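Work through the exercises below with the sequence and the structure in view. Try each task before reading its solution.

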Amino acid sequence: MAEAAHAHGHDPSLQHHFDNPEQQFDSGKLGMWLFLATEVLLFGGLFVAYAVYRANHPEIFVYAHQFLDKRLGGINTLVLICSSLTMAWGVRAAQLGQQRLLKILLSLTILGGFIFMGIKYVEYKQKWEHGLLPGKHFTHKEGGHAAGEKAPAAAPAAVPAPSGATATQAPATTTTTGASAAPGPAARQAPEATTSTGASAAPAVTTSAAPAAATPAQAPGTLKLEPSLIKRAPAGPSGLAPTARAGAEHEAAPDKVWIFFGIYFLMTGLHAIHVLAGMTAIGWTLRKATLGAFGPTYFTPVDLVGLYWHLVDLIWIFLFPLLYLIH
Amino acid sequence: MAHHDHPPALQGHAHVGHVVSLRLLFAVWGALMVLTIVTVAVTYIPAQLLGPFTLWVALGIAGIKASLVALYFMHLRWDRPLNGIIMAISIAVVILFVGGALTDTAEYQGDMIPGYAPDMAGAQPKPAGAPAPAPSP
């Protein structure tokens with residue numbers, strides 16, 4: 001309140017190139033909204049990626065979303081909404097010169113950010129443990145035994161195995177079955193093997209056709225791969241969207257599930273970076289608030305940081321149903 | 001401090017911005033919480049009942065929530081119109097972007113000639129080309 005009292009004279013927070021606090025506030029706010037517009041466009045690109053991949057591969061999204069924890073995602077949504085409330089309330093407190101309340105509310109908002117990131121950490125950790133990482137780090141398998149180790153091992157093993165047709169026949173059949181048994185990454189790791197043997201019904205043809213390319217899996221894990229072919233077929237979740245593909249092998253995990261997790265990690269990761277940035281910015285305003293910088297005529301930083309925080313909340317409001325609530 | 005529900009409580013200070021009443025803030029917060037629970041609850045409706053509308057229901061609820069946040073928490077309702085216009089334009093551009101990309105995507109058919117799409121399982125003509133990559137150098 002003491003600050004508000006001498007705000008009548010020469011307000012130290014009013015820059016000389018502004019006529020009055022209101023003009024200064026409006027200008028700052030306009031700049032912030034322009035920045036927020038670019039943020040929307042930044043995420044817009046990722047939403048395009050999401051939309052195009054979902055339109056092309058609905059079965060991947062329906063299959064993969066079951067690995068996301070709807071409950072944790074929902075709790076995180078609620079946490080962000082609560083922290084948005086404390087932020088909006090904090091702006092009000094700053095406007096009214098309620099210094100103590102402002103500090104409490106800003107602290108609560110940061111706390112909300114910490115809770116959000118903590119839950120996010122738990123979720124990411126689960127993905128990590130299940131091998132549900134984007135791109136080449138995706139090692140998840142349906143029914144998940146030895147097959148997980150097979151795919152990475154295949155590439156280096158290809159070098160010392162130029163042996164003849166008789167020797168390669170057994171491993172070659174196992175690679176074909178292994179590749180079709182493990183649709184996602186295996187298909188990617190060894191594209192030649194899978195495209196040639198996608199049908200997997202005619203091992204004789206493929207072994208003779210691919211003497212060199214199909215040798216890779218002479219790794220010790222070859223024998224373990226056989227049972228996974230048998231078990232896999234009925235294991236998939238019900239209601240998978242059928243695409244143009246035919247054949248029983250797609251009733252389990254669809255091809256290229258890693259695409260979903262690439263998008264998932266990009267979108268939630270970029271969002272998490274924004275949460276961290278928001279927490280840092282709120283921390284900065286909290287420090288200024290402890291110095292008593294804000295009052296009825298000067299609360300611009302609180303307001304603008306609040307806008308940023310609300311935008312982060314707003315983006316999560318869309319990310320949550322799009323990623324977690326597919327069905 | 002409880003009497004500070006409206007700007008006049010500031011005793012004639014040069015006041016900046018609009019002060020949102022606590023009741024409104026909590027009402028918006030309550031609506032957001034309820035809508036979040038509704039979004040999750042909707043997913044328990046069997047997919048057959050909503051069919052292709054599930055996505056639109058989810059997006060519709062998200063849109064309502066986003067509007068609440070933007071209008072009340074972000075003060076757009078009382079702001080200068082320009083701020084809202086900037087936001088609306090950016091969202092419109094994103095919608096245009098997504099819509100354009102999707103219309104384009106829809107123009108590509110997975111298997112115009114059955115069996116010839118590169119990653120189709122059971123693609124017959126492939127085996128012949130398959131061994132080529134390994135001995136190619």
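**Exercise 1.** Are α13(A) and α3(B) roughly parallel or roughly antiparallel to each other?

*Solution.* The model is a predicted one.

Step 1. Take the angle: α13(A) and α3(B) pack at about 175°, and their axes are 9 Å apart.

Step 2. Apply the cut-off: an angle over 145 degrees counts as roughly antiparallel. The two helices, α13(A) and α3(B), are therefore roughly antiparallel.

Step 3. List the residues that meet. From α13(A) they are H310(A), D313(A), L314(A), I317(A), F318(A) and P321(A). From α3(B) they are A58(B), A62(B), K65(B), A66(B), V69(B), A70(B) and F73(B).

Step 4. Sort them by class: the contact of α13(A) with α3(B) has 10 nonpolar, 1 polar and 2 charged residues.

**Exercise 2.** Describe how α4(A) and α1(B) pack, and name the residues that make the contact.

*Solution.*

Step 1. Locate the helices: α4 covers residues 70-95 of chain A, and α1 covers residues 22-42 of chain B. Their axes lie 10 Å apart, at an angle of about 170°.

Step 2. Compare this angle with the cut-off of 145 degrees for roughly antiparallel. It follows that α4(A) and α1(B) are roughly antiparallel to each other.

Step 3. On the α4(A) side, the contact uses K70(A), G74(A), T77(A), L78(A), I81(A), L85(A), A88(A) and W89(A). On the α1(B) side, it uses L25(B), W29(B), L32(B), M33(B), T36(B) and V40(B).

Step 4. Of these residues, 10 are nonpolar, 3 are polar and 1 is charged.

**Exercise 3.** Check the span of α4(A) and of α12(A) against the span expected at 1.5 Å a residue.

*Solution.*

Step 1. α4(A) has 26 residues and spans 38 Å between its first and last C-alpha, close to the expected 38 Å. In α4(A), 19 of the 26 residues are buried, and the helix is mostly covered.

Step 2. α12(A), residues 258-290, has 33 residues and spans 47 Å, close to the expected 48 Å.

Step 3. Look at what comes just after each helix. After α4(A), G97(A) has a positive phi of about 75°. After α12(A), G292(A) has a positive phi of about 70°.

**Exercise 4.** Is A289(A) buried or exposed?

*Solution.*

Step 1. Place the residue: A289(A) belongs to helix α12 of chain A.

Step 2. Count neighbours: A289(A) has 25 C-beta neighbours inside 10 Å, so this residue counts as buried. The cut-off for buried is 20 or more.

Step 3. Identify the contacts. Leaving out residues up to four places away in sequence, A289(A) touches Q99(A), L102(A), K103(A), L106(A) and F294(A).

Step 4. Take one of these partners, K103(A). A289(A) and K103(A) are 186 residues apart in sequence, yet their C-alpha atoms are 6.4 Å apart in space.

**Exercise 5.** Find where M74(B) lies and which residues it contacts.

*Solution.*

Step 1. M74(B) sits in the loop between α3 (53-73) and α4 (81-106) of chain B.

Step 2. M74(B) is buried because 30 other C-beta atoms lie within 10 Å.

Step 3. Beyond its neighbours within four places in sequence, M74(B) is in contact with L307(A), H310(A) and V69(B). H310(A) is also one of the residues of α13(A) that meet α3(B), as V69(B) is on the α3(B) side.

Step 4. Along the chain, M74(B) and G84(B) are 10 residues apart, and their C-alpha atoms are separated by 10.0 Å.

**Exercise 6.** Summarise each chain, and state where confidence in chain A is lowest and highest.

*Solution.*

Step 1. Count elements: chain A has 13 helices and 0 strands, and chain B has 5 helices and 0 strands.

Step 2. Give the buried share: 47% of the 327 residues in chain A, and 20% of the 137 residues in chain B.

Step 3. Consider contacts between residues at least 6 apart in sequence. In chain A, 78% of them join residues at least 24 apart; in chain B, 34% do.

Step 4. Read the confidence. Chain A has a mean pLDDT of 72, with 61% of its residues at 70 or more. Within chain A, the lowest mean is 36, in α6 (residues 147-157), and the highest is 95, in α13 (residues 300-324).

Step 5. Mark the stretches where pLDDT stays under 50. One is residues 1-8 of chain A, with 10 contacts beyond four places in sequence. Another is residues 143-251 of chain A, with 189 such contacts.

Technical notes
Residues are numbered from 1 along each chain as its sequence is written. Chains are lettered from A and ligands numbered from 1 in the order in which they are written. This is a predicted model: local features need pLDDT of at least 70, side-chain atom pairs count only at pLDDT 80 or more; totals for chains, interfaces and linings use all residues. Axes are lines fitted to C-alpha atoms, for helices over the stretch in contact, and angles run from 0 to 180 degrees between N-to-C directions. Helices (H or I, at least four residues) and strands (E, at least two) are DSSP runs, numbered from the N terminus. Angles under 35 degrees count as roughly parallel, over 145 as roughly antiparallel, 65 to 115 as roughly perpendicular and the rest as oblique. Two residues are in contact if their C-beta atoms, placed from the backbone, lie within 7 Å. Ala, Val, Leu, Ile, Met, Phe, Trp, Tyr, Cys and Pro count as nonpolar, Asp, Glu, Lys and Arg as charged, and the others, Gly among them, as polar. pLDDT is the predictor's confidence in each residue, from 0 to 100. The expected span of a helix is 1.5 Å times one less than its number of residues. A residue is buried if 20 or more other C-beta atoms lie within 10 Å of its own, exposed if 12 or fewer, and partly exposed in between; C-beta atoms are placed from the backbone.
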